[in-house]
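Reader: I would like to go through the terms used for this model one by one. Tell me what each label rests on.

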Amino acid sequence: EEVLQKMPGKTLYQNTGIQFMPFNSLFQLWSLKKKYPENLLSADKILFIPDLLSFFLTGVSYSEYTIASTSQMLNPVTGRWNMPMLHKLDLPTNILEELVEPGTVIGNILPELQAELGVGPIPVAAVAAHDTASAIAAIPARGDDWAYLSSGTWSLLGIELKKPCLTAEAYEAAFTNEGGVDSTIRFLKNITGLWLLSECKKIWDQEKEYSFSELAKQSQKAKAFISLIDPDDARFSNPKNMITSIQEYCEESKQPIPESIPEICRCIFESLALKYKLTLDKLVEVTGREVNRIHIIGGGSQNMVLNQYTSNATNMEVIAGPVEGTALGNILMQARALGIIDTLEEMREIVSNNVETRTFIPEKQRVWNAAFLRFQNILLNQ
């Protein structure tokens, strides 16, 4: 709120292209300047966690582009630090490191590490250091008519663009422009994901421990579309009791209150799928991009129930996998840095040829369309 008093939201969005979230580095530095100014003034450099790990290995300090792009401190058009904006906010710029692109060899491991490990001068490469950037680099996709859904604690739903989308519509819809491999833009929205389920699971596990696959099966015992929630309602961000919070939402919106494990799980899965539909429709409207299929990656791609619901809700083919997209993208970027792989397309082709995926086809369109209309009304009236 204080930063937005210094710089209006639309102006800040034009300067950064990033969705406003409290944990963005820009807001963190502002808070540090306000509460502990001596710490900020005494800092020699700022390193993001992946860059810090590389520094420990090589002694070379830098800022990798994809992770830096999420900080809300880069110019979205140039991909460089937004110095004029940072000066206007009176934040130090002398602590910023040189930006490097993913796929850059930054140096060899330090001599003392070589001696300790009994190895030679192993090269260290800057990968796409943001986990989602690495995962998207490993999507087994062809063409450009696809969207991705990185499914886990958070859901990140978006498309890959050649340049940022900074329109008023993108700002109003809170889409974010984050950096990807080969200067691509990850145009996406953060959606609360399976955090809802994992927080409920913590409570249920106190009596009996359940696996996530068991909870997915349990959800099929409940009736369809009895209760729906907005996964992004503020009350779900860090509640004392997620089950109680879901029940309170349903009570306030004059819906049946889910009580059993199957009812709560089904409520979560159906609500997530419908929120994906709502977000994807807006994404297509804002960008004008044609989207014909969705690639689901990450741990949530193992949830067969949610995958099928996502296909049903969006009326699109869903391709699930790989689960470990981030690790695969990391490895492939290292191979590219060493000249073993040449292009992003080749990286994705390797994944496509070597990783098993599962395809889901839309079902029950009439009932899902009706549920979506009801879902929209629930959100409008909350």
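Author: Start with a definition. A cavity is a set of grid points where a 1.4 Å probe fits but cannot get out, and its lining residues have an atom within 4 Å of a point. By that test, A133, I136, A137, E160, G180, V181, T184, R186, L344 and R348 line the second largest cavity. Two elements give two or more residues each to this lining: α9 (131-137) and α17 (344-354). The model is predicted.

Reader: What volume does the second largest cavity have, and which element gives the most to its lining?

Author: Its volume is about 50 Å³. Helix or strand, the leading contributor is α9, with three residues.

Reader: How is the lining of the second largest cavity split by class?

Author: Five residues are nonpolar, two polar and three charged. Asp, Glu, Lys and Arg count as charged, so E160, R186 and R348 fall in that class.

Reader: How many cavities of 30 Å³ or more does the search find?

Author: Two, over the whole structure. The largest has a volume of about 60 Å³. Its lining consists of T16, Y65, S69, L74, N75, P76, G79, N177, E178, G179 and I185.

Reader: What makes the class count of that lining come out as it does?

Author: The count is four nonpolar, six polar and one charged. Tyr, Leu, Pro and Ile count as nonpolar, so Y65, L74, P76 and I185 belong there. Gly counts as polar, so G79 and G179 go with the polar residues. E178 is charged, because Glu is in that class. Strand β7 (residues 176-179) gives the most to this lining, with three residues.

Reader: And the pockets: what volume does the largest one have, and which residues lie nearest its centre?

Author: The largest pocket has a volume of about 570 Å³. It is called a pocket because its set of points is open, whereas a probe in a cavity cannot get out. Of its 30 lining residues, H130, D131, T132, L156 and N190 lie nearest the centre. Elements giving two or more residues are α9, β5 (146-151), β6, β7 and α16. Among elements, α9 gives the most, with three. By class, the lining holds 10 nonpolar, 17 polar and three charged residues.

Reader: What lines the second largest pocket?

Author: There are 19 lining residues, and M21, W154, T192, D232 and S237 are the closest to its centre. The volume is about 400 Å³. Strand β8 (residues 185-192) gives the most to the lining, with four residues.

Reader: Why is W154 called partly exposed?

Author: Its relative accessible area is 36%. Buried means under 20% and exposed over 50%, so W154 falls in between. W154 is found in strand β6 (residues 154-161).

Reader: Which residues does W154 touch, beyond those up to four places away in sequence?

Author: M21, F23, N190, I191, T192 and G193. The C-alpha atoms of W154 and I191 are separated by 6.1 Å, and the two are 37 residues apart along the chain.

Reader: Why is D90 called exposed?

Author: The cut-off is over 50%, and D90 has a relative accessible area of 56%, so D90 is exposed. K254 passes too: its value is 76%, so K254 is exposed.

Reader: What is noted about phi in D90 and K254?

Author: D90 has phi near 60°, a positive value in a residue other than glycine. K254 is not a glycine either, and has a positive phi of about 60°. D90 sits in the loop between α7 (83-88) and β2 (99-100). K254 sits in the loop between α13 (242-252) and α14.

Reader: Where is the cis peptide bond?

Author: From G321 to P322, with omega near 5°. P322 is in the loop between β10 (317-320) and α16 (325-337).

Reader: How do you know that the chain is as compact as a globular protein of that length?

Author: The radius of gyration is 22 Å, close to the 21 Å that the globule rule gives for 382 residues, so the label holds. The chain has 18 helices and 11 strands.

Reader: What makes up the largest nonpolar core?

Author: It has 85 residues, and L26, F187, W204, I246, I268 and F269 have the most contacts inside it. Helix α14 (residues 261-287) supplies the largest share, 13 residues. Another core of 13 residues lies apart from it, including A128, M333, A335 and V351. In soluble globular proteins, nonpolar side chains tend to be buried together.

How values were computed
Residues numbered from 1 in each chain as written. Predicted model: local features only at pLDDT ≥ 70, side-chain atom pairs only at ≥ 80, totals over all residues. Heavy atoms only, no water. 1 Å grid on protein atoms, 1.4 Å probe; cavity = no way out; pocket = protein on both sides within 12 Å on 5 of 7 lines; lining within 4 Å. Points joined across faces, edges and corners; volume = space filled by probe spheres on them. Core = buried A, V, L, I, M, F, W, Y, C linked by side-chain atoms within 4.5 Å. Buried < 20%, exposed > 50% of the residue type's maximum accessible area, 1.4 Å probe, protein only. Rg over C-alpha atoms; globule rule 2.2 N^0.38 Å. Contact = heavy atoms within 4.5 Å.
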